[in-house]
Amino acid sequence: MWWSAPSGSTTQGRPGASTPQPPAERALAHRETDPSTGIEFRLRSGLDGVVQDDDLAVIDLPPRAGGKLVVAGLVAATHVVIPATLDEDGRIGAREALDTIRQVQETYNPDLTVVGIVPSIVPGGKSTLGDAIGKFLADTSGPLYRDDLAIPRYSVRQQTRFAKVPITTQTGKEATALMKVYDDILTAAGVAA
């Protein structure tokens, strides 16, 4: 979950708020090979006309560090959260994401703020590999590793994704727990409750 909060953001767009939520478009994947120059700035330019100073725009990008879509999202963003599954893919992905973020900070967006690396889709129970990867991420990332913001693995997440409906439309213990975690992440990023 990569996200952007324009300066001066308020609670508009927080989980549970009435906010337009356009569906993700997998057909955008062809943009990764788009030879056009300036593609990195198109999203930021497009958001300038839609997102007002008191709005919150959430940009959920594919896990392709260094890809054109990811760079375009990071150029448009003010804050970024790096989700990391507690397995080898998550460990490598977090490192590659940080590398891409540093490159974007050095070139296109020096004000981009990393909120943290957040354990994502964390299964219940004990996992020796998960514990080891979590410890590795904590040791190598220091305070950027935010296990206090871990996103649990709940089936309601997949159900809402399949149904193409926001998690905020769901009720029940799992949906409530996920919305609380998402709210905690936004609070950690400095978006007022």
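From the N terminus on, the elements of the protein follow the order β-α-β-α-β-α-β-α-α-α, which amounts to six helices and four strands. The model described here is a predicted one. Of the 193 residues of the protein, 37% count as buried, and the protein exposes about 11,100 Å², of which carbon and sulfur atoms supply 55%. Among the contacts with a separation of 6 or more, 79% are accounted for by residues 24 or more positions apart.

In soluble globular proteins, nonpolar side chains tend to be buried together. In the present model, the largest nonpolar core comprises 22 residues, and the members that touch the most other members are L74, I82, I101, L112 and I117. This core draws at least two residues from each of helix 2 (68–76), strand 3 (79–84), helix 3, strand 4 and helix 4 (128–141). A second, separate core has 14 residues, including V81, L149, I151 and V156.

The surroundings of I117 can be described in greater detail. When residues up to four places away in sequence are not counted, I117 touches I82, A84, A94 and L98, and also S141, L144, Y145 and R146. Of these, I82 is itself named among the core residues that touch the most other members.

Helix 2 is mostly covered, since eight of its nine residues are buried. The buried residues of this helix are L69, V70, V71, A72, G73, L74, V75 and A76.

Two of these helix 2 residues, L74 and V75, recur in the environment of N109, which touches L74, V75, A77 and V104 when residues up to four places away in sequence are left out of the count. N109 lies in the loop between helix 3 (88–107) and strand 4 (113–119). Although it belongs to a loop, N109 is buried, because its relative accessible area is 7%, and the limit for a buried residue is under 20%. Its side chain reaches the backbone oxygen of A77 at 2.7 Å, while the backbone oxygen of V75 lies 3.2 Å from a polar atom of the side chain of N109.

The ring contacts of the model may be considered next. The count of aromatic pairs comes to one. This pair is formed by F41 and Y108 and is edge-to-face, with 5.1 Å from centre to centre and 90° between the planes. The pair links distant parts of the chain, for F41 belongs to helix 1 (residues 39–48) and Y108 to the loop between helix 3 and strand 4, the two being 67 residues apart. With a relative accessible area of 29%, F41 is partly exposed, and Y108, at 34% relative accessibility, also counts as partly exposed. Another ring, that of F136, has R91 lying over its face, at 5.1 Å from the ring centre.

A further loop residue, T169, is found between helix 5 (155–163) and helix 6 (173–188). T169 is partly exposed, because its relative accessible area is 47% and thus falls between the limits of 20% for buried and 50% for exposed residues. The side chain of T169 makes a polar contact of 2.9 Å with the side chain of Q170. The two loop residues N109 and T169 therefore fall into separate classes, N109 being buried at 7% and T169 partly exposed at 47%.

Definitions and conventions:
Residues are numbered from 1 along each chain as its sequence is written. This is a predicted model: local features need pLDDT of at least 70, side-chain atom pairs count only at pLDDT 80 or more; totals for chains, interfaces and linings use all residues. Side-chain values use heavy atoms; hydrogens and water are left out. Buried means under 20% relative accessible area, exposed over 50%, partly exposed in between (1.4 Å probe, protein chains only). Contact means heavy atoms within 4.5 Å. Accessible areas come from the Shrake-Rupley method with a 1.4 Å probe; for residues, only the protein chains shown count as cover. A polar contact is a pair of N or O atoms within 3.5 Å; within protein, one must be able to donate a hydrogen and the other to accept it, and residues adjacent in sequence count only if both atoms are side-chain atoms. Rings of Phe, Tyr and Trp (its six-membered ring) pair if their centres lie within 6.5 Å; planes under 30 degrees apart count as stacked, over 60 as edge-to-face and the rest as tilted. A charge sits over a ring if NZ of Lys or CZ of Arg is within 6 Å of the ring centre and within 35 degrees of the ring normal. A nonpolar core is a set of buried Ala, Val, Leu, Ile, Met, Phe, Trp, Tyr and Cys residues joined through side-chain atoms within 4.5 Å.
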